[in-house]
Every structure is written in C-alpha cells, then in structure tokens.
Amino acid sequence: DDDDDDDDYNDDDDFNFSYSFCNVTSCDPHTCSPSCGNPNLSNFSCPSFLQAENCCQIHDSNCKCTLLKEACRISLKNSSHDFCDDAVVACYEDVYEQNHICNMYEQICIEFPGEATCNAAAQKCCPNPTGWIQKRCLCDFYTFTSTNMEIGTKPKEENCLATVLAPIALEKEQLATFYEHTGGDHWQNNDGWLNDTIHYCDWYGVSCNDNQDITEINLRANNLTGQLRFIYLGFPWLTTLDLAENNLLGSTSMGFALSPRKLEHIDLSDNGFSGCIDLTFSSAMLYANFSKNNFTCVSFKRYNPAYETLRVLDL
C-alpha cells in the first residue's frame, strides 16, 4: 500500500504545500526548490532563484539568466528587487553598467508587461542625473509602453508635459562648460569661444538656426581632450554633432543619450571613449559613427524611437 501511495504522489503537490515557507527570508532549498524543468507556480521568487542555483551548469549563463530574470520579475510584482542584481550578472556579467541594467529590466517589461515590471524598468532606464533629462527619458519610455502595451498613459502625459515645460540651461552656459571640460584653451581653433562680444552662434564650429538655437557642433580634429560628460551637450535643437578625430575619453552611457530630441547625425569616431555604447543614442538618430574607440559592448533600447529610425551605423 505504501508503494501505491508513492506512485500516486506528485512532487508538485508537495511543492505547492511548501509555498508558504518560500519567501525570500526563509528560502529553504530543501522545501522550496521545484524539480529541474518544472515551472515556479508560486508567488515567491525564491524557487526560481534556487532552480538557477541547482539546475544550471556552472557556466550555463543562459539557463541562469532565464531563471533569475523570472525570480526578478516575481520580486518586482511583490514590490522588491530581490535577485534582480543576480539576474543582471547572469545575463550581462556587469551589474554596474547602466545600459546592462536597463536592458534587463526593459526585457522583463516587454516579456511580462505590467505596471510593476514596466515602472521598475522606467526607473532603471531613466536614472536622475538632472530632473529635466529624466523627464525626457520617461516621456519616451511611457510613450512606448502606452502605445505597445497600453501601460503608463498617465505617467506618459505627466512626463511629456514636463518635458515641454522643463527649464533648460542657457545654451551659452552649456557651451562654456563643454569648452572648459575639453581643454578649450588648447584647441587647434577656438575662435570666438567665451568672447562676450561675439554671439555664440558665431563661435568656431557652432551653427544655429534663425531663432539662434544651436543646431550643429562640428569640432572634428580640433585637439579636444579630457573626460567628456555628454550631459553638457543637451541642446534641444541640435541635429548634428561631429567630435571625431580628437582625444576625448569617458563613457557615453549617461546623460547625453537622454537629452537631445532632434539629433540625427553623430560622429564620435577615432577617440578614446569606452564602456558600453547605446546604439539608440538619440531619439531621432539616422546616422551614427562610433568606430575607432574602446567600446567593449553595445546595447539598444527598444523604447527609444531611434530603434526604428537609425539607418547607418559604423562601429
């Protein structure tokens, strides 16, 4: 009779009985780990985490990535981020790279759309270097989710309106900061720069439209040096940026990619930029040249409109 009972016994029945003891605090590997290959049917992230630990080969990052993303997704639904850093490491091997973090959260939002997963992705993809830049990023993100998933209509309206009303630093002040951070006194040509008697639209390499909005910066091969923070180039009407053949360093992953709305042409080739390059560098991008740098990875954000507009890319 005992044998017959064993034949009728279902591992899932026992596992379902143990769900109440599988919160993150307990996470008992003896009672909370489903058999390998069985789905995690609970409302807890612990079982998926344990499967990643017990069911994946040591070097099988794809297996670990899948299960830890599942653990992260369930945690997000429970208003926590448990195991999400583990998922980033498994999927991208670098928990501190902002693009990697954003990519994973964005994938979870797209694969498992819901307010919890997509709101978490919005916050991870749109950190807050300055408030108005974050608003622009959130406007793009929630425009994507509201159009494709019917999620985030209200935050879309709030952030897109804030984008229109956001105070933007005076263009002259931004140019001055850019000049100081790229060794402007030692440029090959700095005619007009920081001269109060010359309008900034007439400074070397700067072009403006009839409203005196900056539309182009072309400082190719002009001995620009130093760690460039792209946040200082967030001009709302900028369409062309050419900083190729200089000696610029730093990462492009923060700041600038969230700011210029009309940038169509960018050339950063032949510099010393490093880290991960976001191929959807600006929301209106058509042409991009990032070749001859020290980038170690590439990424793209599907919520960024440039995912659809980019036509020419040189890495």
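**Figure 1. Helices α4 and α7 cross roughly perpendicular to each other.** In this predicted model, helix α4 (residues 61-77) and helix α7 (residues 115-125) pack at an angle of about 100°, with their axes 8 Å apart. Axes are lines fitted to C-alpha atoms, for helices over the stretch in contact, and angles run from 0 to 180 degrees between N-to-C directions. Angles of 65 to 115 degrees count as roughly perpendicular, under 35 as roughly parallel, over 145 as roughly antiparallel, and the rest as oblique. Arg 73, Leu 76 and Lys 77 in α4 meet Ala 116, Thr 117 and Ala 120 in α7, where contact means heavy atoms within 4.5 Å. By class, this contact has three nonpolar, one polar and two charged residues. Ala, Val, Leu, Ile, Met, Phe, Trp, Tyr, Cys and Pro count as nonpolar, Asp, Glu, Lys and Arg as charged, and the others, Gly among them, as polar. Helices (H or I, at least four residues) and strands (E, at least two) are DSSP runs, numbered from the N terminus. Residues are numbered from 1 along each chain as its sequence is written. Local features need pLDDT of at least 70 and side-chain atom pairs count only at pLDDT 80 or more, whereas totals for chains, interfaces and linings use all residues; side-chain values use heavy atoms, with hydrogens and water left out.

**Figure 2. A disulfide joins Cys 72 and Cys 84.** A disulfide is a covalent bond between the sulfur atoms of two cysteines; here the term is applied to a pair of cysteine sulfur atoms within 2.5 Å. The structure holds nine disulfides. In the one shown, the sulfur atoms of Cys 72 and Cys 84 are 2.0 Å apart. The pair links distant parts of the chain, with Cys 72 in helix α4 and Cys 84 in helix α5 (residues 84-92), twelve residues apart. The torsion about the S-S bond is about 90°, so this disulfide is right-handed. Cys 72 is buried at a relative accessible area of 0%, and Cys 84 is likewise buried at 0%. Buried means under 20% relative accessible area, exposed over 50%, and partly exposed in between (1.4 Å probe, protein chains only).

**Figure 3. Cys 139 and Cys 160 form a disulfide between two helices.** Their sulfur atoms lie 2.1 Å apart, and with 95° about the S-S bond the link is right-handed. Cys 139 lies in helix α8 (residues 131-148) and Cys 160 in helix α9 (residues 153-165), so the pair ties together parts that are 21 residues apart in sequence. Cys 139 is buried at 8% relative accessibility, as is Cys 160 at 18%.

**Figure 4. Strand β5 pairs with β3 and with β7.** In a regular strand the side chains alternate between the two faces of the sheet. Along β5 (residues 247-251), Leu 248 and Gly 250 point to one face and are buried, while Asn 247, Leu 249 and Ser 251 point to the other and are not. Strand β3 (residues 225-227) and β5 pair in the parallel sense over three bridges; two strands pair if DSSP finds at least two bridges between them. The bridge partner of Gly 226 in β5 is Leu 248. Strand β7 (residues 272-278) also pairs with β5 in the parallel sense over three bridges, and Gly 250 stands opposite Phe 273 in β7.
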